[in-house]
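Reader: Could you take me on a close look at one part of this protein, the place where the ligand sits? I'd love a walk-through I can follow with the structure open on my screen.

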Amino acid sequence: MKTDKLTIQVFPGSAELSRAAADLFASTAQAAVSARGRFLAALSGGSTPRAMFDMMAKSPYLERLPWGKMLFFWGDERCVPSDDAESSYNQARTVWLAHVPVPEGNIFRIKGELGPHAAAEDYARQLKSVAEAGLDWPRFDLVLFGLGADGHTASLFPGSADTSGVATVAVTAHYQDRPANRVSLTPEVFNSARSVIFLATGAEKAQALATTLTGAREPVKYPAQRIHPAGGNIWWLVDTAAASLLPEKIDGVVFHR
Ligand code: 6PG
């Protein structure tokens, strides 16, 4: 079986990283539409992808991408109203999707205002509605992830149960000294993706990044280690500050500094 192909690219700063992320997202979208007639992406929240989202609302992506064939989901969402500043959907829509011709019906948001459990059930129904024949859940062409300084990704937090068999999970965690009522897709769905991109910038992510990529395998403690799409591509786009604790070489990894 094809194993995961893992590539790490190190950039001087956020601007260069965001441009590379936008280009990679765009080329993956074009390849998916050419091959299968549609492109399914799951976006992340957080501050890191904001600059990339802003770029993708403008030239050359605005005129070049097949927006009508691109479907947008989220890997996770906070349980807040859709117009809340904390909403990952609201960030992507305000900065990006409201400025490009994506049909409303191509945007599948997690309805966090329903509360974690109802929102998770509703989102599982939405996922099933667009799954390819023979699959329980959609196979994403691309999933975008961030990395928390504690090693979380999406809303899979350290110590959370390593779920299997379910597509979405209601999350009630304590994060950054406040309750994090969220909904997250699970590794069950993430790992059927064709490609995943992690973005990480800043020195505060250096320890989590180094441990996730080179530390002992502890997926409960370091949830980003749960993400390894079988036969998929994994890209880590990081800046020099986040990469500061990485070794010069990592076995089996394509490393571009
Ligand atoms: C969220 C994200 C979360 C995020 C990390 C990194 O909804 O917050 O899904 O997993 O990617 O917490 O966040 P920053 O990009 O803000 O550092």
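By class, how many nonpolar, polar and charged residues does the lining of the largest pocket have?

Author: Happy to! Keep in mind that this is a predicted model. The lining of the largest pocket has 14 polar residues, along with seven charged and six nonpolar ones. This pocket holds about 570 Å³ of space. Its lining is made up of 27 residues, and those closest to the centre are Gly 45, Gly 46, Ser 47, Arg 78 and His 152. If you prefer to find your way by secondary structure, look for strand 4 (76-78), helix 4 (88-95) and strand 7 (178-185), each of which gives at least two residues to the lining.

Now for the ligand, whose space is this largest pocket. Around the ligand there are 14 residues, and the nearest are Thr 48, Arg 78, His 152, Ala 154 and Lys 205. Arg 78 and His 152 thus turn up here as well as among the residues closest to the pocket centre. The shell around the ligand divides into eight polar, four charged and two nonpolar residues.

Zoom in on the side chains next. Thr 48 places a polar side-chain atom 2.6 Å from an oxygen atom of the ligand. For Lys 205, a side-chain N or O atom lies 2.6 Å from a ligand oxygen, and for His 152 the distance from a side-chain N or O atom to a ligand oxygen is 2.7 Å. On its own the ligand has 410 Å² of accessible area, and the protein covers 89% of that.

Methods:
Residues numbered from 1 in each chain as written. Predicted model: local features only at pLDDT ≥ 70, side-chain atom pairs only at ≥ 80, totals over all residues. Heavy atoms only, no water. Near = heavy atom within 4 Å. Polar contact = N/O pair within 3.5 Å; in protein donor to acceptor, adjacent residues only side chain to side chain. Areas by Shrake-Rupley, 256 points an atom, 1.4 Å probe, with all protein chains shown as cover. 1 Å grid on protein atoms, 1.4 Å probe; cavity = no way out; pocket = protein on both sides within 12 Å on 5 of 7 lines; lining within 4 Å. Sits in = over half its atoms within 2 Å of the grid points. Nonpolar A, V, L, I, M, F, W, Y, C, P; charged D, E, K, R; others polar. Points joined across faces, edges and corners; volume = space filled by probe spheres on them. Helix = DSSP H or I, 4+ residues; strand = E, 2+ residues; numbered from the N terminus.
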